[in-house]
Amino acid sequence: MSKTKVTAEEALAFHLDPTPGKFEIKATVPMTTQRDLSLAYSPGVAVPCEAIAENPALAYDYTNKGNLVAVISNGTAVLGLGNLGALGSKPVMEGKAVLFKRFADVNSIDIELDTEDPDAFCQAVKLMGPTFGGINLEDIKAPECFIIEQRLKEEMDIPVFHDDQHGTAVICAAGLINALYISGKKIEDCRIVLNGAGAAGIACLELLKTMGAKHDNCIMCDTKGVIYQGRTEGMNQWKSAHAANTDLRTLQDAMRGADVFLGVSAKGAVTTDMVASMADDPVIFAMANPDPEITPEEAHAVRADAIVATGRSDYPNQVNNVLGFPYLFRGALDIHARAINDDMKIACAEALAELAREDVPDEVAMAYGRKLSFGRDYIIPTPFDPRLIYRIPPAVARAGMDTGVARRPIIDVDGYQENLKSRMDPTASILRSLNARARNAQARMIFAEGDDPRVLRAAVSYQRGGFGKALVVGREADVKEKLEAAGLGDAVREIEVVNAKNTRYLEQYTDFLYSRLQRKGFDRHDVFKLAARDRHVFAALMLQHGHGDAVVTGATRKSAHVLQLINHVFDADADHGAVGVTAILHNGRIVLIADTLVHEWPDEEDLANIAERAAGVARHIGLDPRVAFVSFSTFGYPVSERAEKMHLAPKVLDARGVDFEYEGEMTVDVALNTKAQENYPFQRLTGPANILVVPARHSASISVKLMQEMGDATVIGPILSGVDKSIQICSSGSTANDILNMAILAACKVG
């Protein structure tokens with residue numbers, strides 16, 4: 001995958017729109033009537049208050065404490081930016097809070113404390129203890145972070161976890177377990193060299209020693225060289241604990257004959273000569289960000305037998321903290337843990353390592369555009385793996401129960417795993433997968449409407465997001481002016497502006513178009529004007545002739561009109577099997593509605609075709625298709641001639657012998673609600689439908705717009721399926737992000 005480029009303008013806009021910041025708080029109970037308010041507040045609230053006062057453990061039952069983590073920082077070591085202060089760290093802490101929610105459904109609130117005094121910091125956090133089920137410390141400089149974490153662990157009865165230390169250590173340990181498994185070595189026999197004696201480095205070495213690495217086999221280095229017994233310069237109590245009894249003095253000396261190198265230091269700290277001097281099958285975890293101590297290419301140039309991991313997403317084996325902290329807290333919260341101890345961290349690492357050795361699910365392979373399998377380039381699971389949520393927390397929870405830190409042990413572990421599966425937000429994994437596949441495809445994307453600022457912003461985001469080359473149809477001067485007005489003036493040098501004047505293919509385009517339209521009432525002059533002046537037709541002709549890989553259009557005109565223009569170049573109509581499928585994303589659920597673009601009033605054969613096309617789209621984005629033919633009647637009642645075709649369409653699929661679930665006719669509530677389906681024990685769906693085939697295009701339009709306006713759903717589409725080339729048509733009300741999403745679908749050839 002390419003490295004994503006993010007500009008200052010894009011980053012600020014992302015944090016500003018649609019509302020400042022990255023999350024909001026919503027009520028989980030009804031708050032509409034006076035009775036609701038009386039139960040939520042006075043007088044009803046007095047009852048759980050008194051119950052908790054009498055038995056504090058009930059706070060986990062009657063409040064959100066059991067699923068609430070505080071992300072707390074004083075901003076003294078923000079990412080790679082240094083001491084930005086408490087307020088300067090807030091965007092990062094908000095980001096950490098939304099990662100908790102996205103990956104493990106853990107509610108989180110960021111808290112920025114305006115003090116560099118460890119005593120004041122600890123006192124403030126300790127006083128907030130009753131509110132939270134856990135504390136995640138973040139971006140606090142060393143050595144204060146050691147002091148703060150240790151003291152809070154001793155004084156609080158909920159988990160306190162400094163992710164900069166232990167998050168890195170856990171993922172590093174998981175990768176090392178598998179690297180040593182591949183190389184046939186045991187941790188107790190390995191010589192380990194660590195470069196970078198800060199919070200993360202010390203935590204990594206401490207955890208590995210807990211797992212069996214021998215103190216005398218571990219050499220820690222900092223900017224002044226080896227930390228050895230008797231050294232006084234630049235020392236503190238945490239470094240001294242890992243001082244080795246050795247004559248080695250430099251990193252170069254330490255690397256000679258080493259089995260493992262762990263780097264949490266700086267770019268270029270390791271040379272190829274150092275790598276060449278290591279033992280057979282060396283393990284190199286060059287985790288400095290944004291650039292590693294040595295790149296995998298440099299390491300493999302001198303040691304083909306090396307197993308290399310970095311902190312980067314564009315290299316194999318990324319040591320990514322998001323594989324650890326959400327699931328550690330998920331497991332700890334679910335047993336109402338008093339702490340996150342070493343056994344729980346090791347359990348997390350071992351579960352991650354075990355998961356990487358198993359067969360990789362198809363949706364993960366789809367995300368990367370290639371089959372992943374356990375080996376030297378795949379020793380750590382990817383964040384896309386849907387099994388993380390129900391494999392890692394149970395391992396953490398079991399370790400917590402075994403070591404006595406659980407207030408409420410889990411009795412039904414199988415039931416717990418099923419509950420964790422239900423916490424998965426399929427929309428998140430699907431969108432992440434599509435993004436990864438698009439980056440892998442590197443499609444030349446033709447943006448047909450280069451006169452629209454939304455389209456230009458989407459094109460720039462596509463290019464800078466690492467998805468591929470953005471080709472914008474428009475006039476150079478107009479594009480430049482609009483980009484400058486949007487604060488993206490420098491992007492004009494990155495994207496490619498194309499038009500009839502600057503292409504040498506216009507005559508070729510005209511000849512092709514004339515061959516298609518000469519018997520449809522168009523003379524050559526008409527065809528030339530279409531090819532030269534209509535950007536939708538011009539973009540389609542570019543695609544047809546291989547001068548781009550996909551087209552996204554439709555933001556400035558009605559979809560039906562754009563489809564009519566596309567049809568001049570491609571067979572994108574009902575007679576040739578084209579279908580429009582719109583994806584509705586709402587409350588962690590995704591439902592496809594078809595046909596939303598092509599068929600005005602389909603018959604039962606058309607409906608069956610639509611269902612097959614929609615099933616193909618569903619599979620392409622990672623869903624197992626379940627089709628419902630929806631109507632105002634369910635299985636023949638009420639009787640209506642207008643519902644008859646919805647009754648016949650499943651019979652058409654019966655005759656075709658298709659390989660996906662389908663049923664109908666039925667109302668929408670029966671299609672989407674398993675409880676309602678129980679009233680019809682003969683029906684064939686094994687769960688809620690994720691594809692709704694509707695009677696007519698107007699029904700589809702009403703459904704989509706209603707969900708968008710009243711349900712605040714995210715709408716992607718209509719996705720055009722059944723055309724030879726990859727073309728996606730946006731709705732005219734699309735935002736820049738909507739257009740980008742359609743470009744990503746086009747790049748993935750969804751349809």
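In which loop is Ile 140 found? In this predicted model, Ile 140 sits in the loop between β3 and α8. The strand β3 spans residues 134-137, and helix α8 spans 144-155. Glu 138 is found in this loop. Asp 139 lies there as well, as does Pro 143.

Ile 140 is buried, because its relative accessible area is 4% and the cut-off for buried is under 20%. With neighbours within four places in sequence left aside, Ile 140 contacts Ile 72, Ser 73, Asn 74, Thr 76 and Ala 77. Its contacts also include Phe 121, Cys 145 and Ile 148. His 162 and Asp 164 complete the set. Arg 423 lies 283 residues from Ile 140 along the chain, and the C-alpha atoms of the two are separated by 31 Å.

Glu 138 is buried, with a relative accessible area of 7%. Beyond four places in sequence, Glu 138 touches Val 71, Ile 72 and Ser 73. Met 93 and Lys 96 are also touched by Glu 138, as are His 162, Asp 163 and Asp 164. The side chains of Glu 138 and Lys 96 are joined by a polar contact of 2.6 Å.

Asp 139 is buried too, at a relative accessible area of 3%. Its contacts outside the four-place window include Ser 73, Asn 74, Gly 75, Thr 76, Ala 77, Val 78 and Leu 79. Asp 139 also meets Val 92 and Met 93. His 162 and Asp 164 are further partners of Asp 139.

The unreviewed UniProt entry places a "binding site" feature at Glu 138, Asp 139, Asp 164 and Asn 289. Asp 164 is in contact with Glu 138, with Asp 139 and with Ile 140.

The same record type gives a "binding site" feature at Val 78, Leu 79, Gly 80, Leu 81, Gly 82, Asn 83, Leu 84 and Gly 85, again from an unreviewed UniProt entry. Val 78 and Leu 79, both in this list, are among the contacts of Asp 139. Gly 80 is placed in the loop between β1 (68-73) and α5 (85-88). Gly 82 belongs to the loop between β1 and α5. Are these glycines buried, partly exposed or exposed? Gly 80 is exposed, with a relative accessible area of 77%. Gly 82 counts as partly exposed, at 30% relative accessibility. Setting aside residues up to four places away, Gly 82 touches Gly 75, Thr 76 and Ala 77. Gly 75, Thr 76 and Ala 77 are also in contact with Asp 139.

An open sheet of 6 strands runs in the order β7-β6-β5-β8-β9-β10, with mixed pairing. Strands β7 (225-226) and β10 (307-310) stand at its edges. Each has a single partner strand, so one side of each is left without a neighbour in the sheet. The partner strands β9 (residues 283-286) and β10 pair in the parallel sense over 4 bridges. Within this pairing, Phe 285 has Ala 309 of β10 as its bridge partner.

Helices α9 and α10 contact this sheet. Helix α10 (residues 199-210) packs on the sheet and touches β5 (192-195), β6 (218-222) and β8. The direction of α10 makes about 160° with that of β5. Helix α9 (residues 163-183) lies across β8 (260-263), β9 and β10. Its direction runs at about 160° to β9.

Backbone geometry was examined next. Most residues other than glycine have a negative phi, and most peptide bonds are trans. The peptide bond from Ser 42 to Pro 43 is cis, with omega near 10°. Pro 43 is found in the loop between α2 (34-40) and α3 (46-54). Ala 142 and Pro 143 are likewise joined by a cis peptide bond, with omega about 5°. Pro 143 lies in the loop between β3 and α8.

Positive phi values occur at Phe 635 and at Lys 749, neither of them glycine. Phi is near 50° at Phe 635. Phe 635 lies in the loop between β17 (626-630) and α28 (644-656). At 23% relative accessibility, Phe 635 counts as partly exposed. Phi is near 55° at Lys 749. Lys 749 is found in the segment after α32 (736-747). Lys 749 is partly exposed as well, at 48% relative accessibility.

Conventions. Residues are numbered from 1 along each chain as its sequence is written. This is a predicted model: local features need pLDDT of at least 70, side-chain atom pairs count only at pLDDT 80 or more; totals for chains, interfaces and linings use all residues. Side-chain values use heavy atoms; hydrogens and water are left out. UniProt positions are given in the numbering used here, feature names are shortened, and annotations may be inferred rather than shown by experiment. Helices (H or I, at least four residues) and strands (E, at least two) are DSSP runs, numbered from the N terminus. Buried means under 20% relative accessible area, exposed over 50%, partly exposed in between (1.4 Å probe, protein chains only). Contact means heavy atoms within 4.5 Å. Two strands pair if DSSP finds at least two bridges between them. Axes are lines fitted to C-alpha atoms, for helices over the stretch in contact, and angles run from 0 to 180 degrees between N-to-C directions. A polar contact is a pair of N or O atoms within 3.5 Å; within protein, one must be able to donate a hydrogen and the other to accept it, and residues adjacent in sequence count only if both atoms are side-chain atoms.
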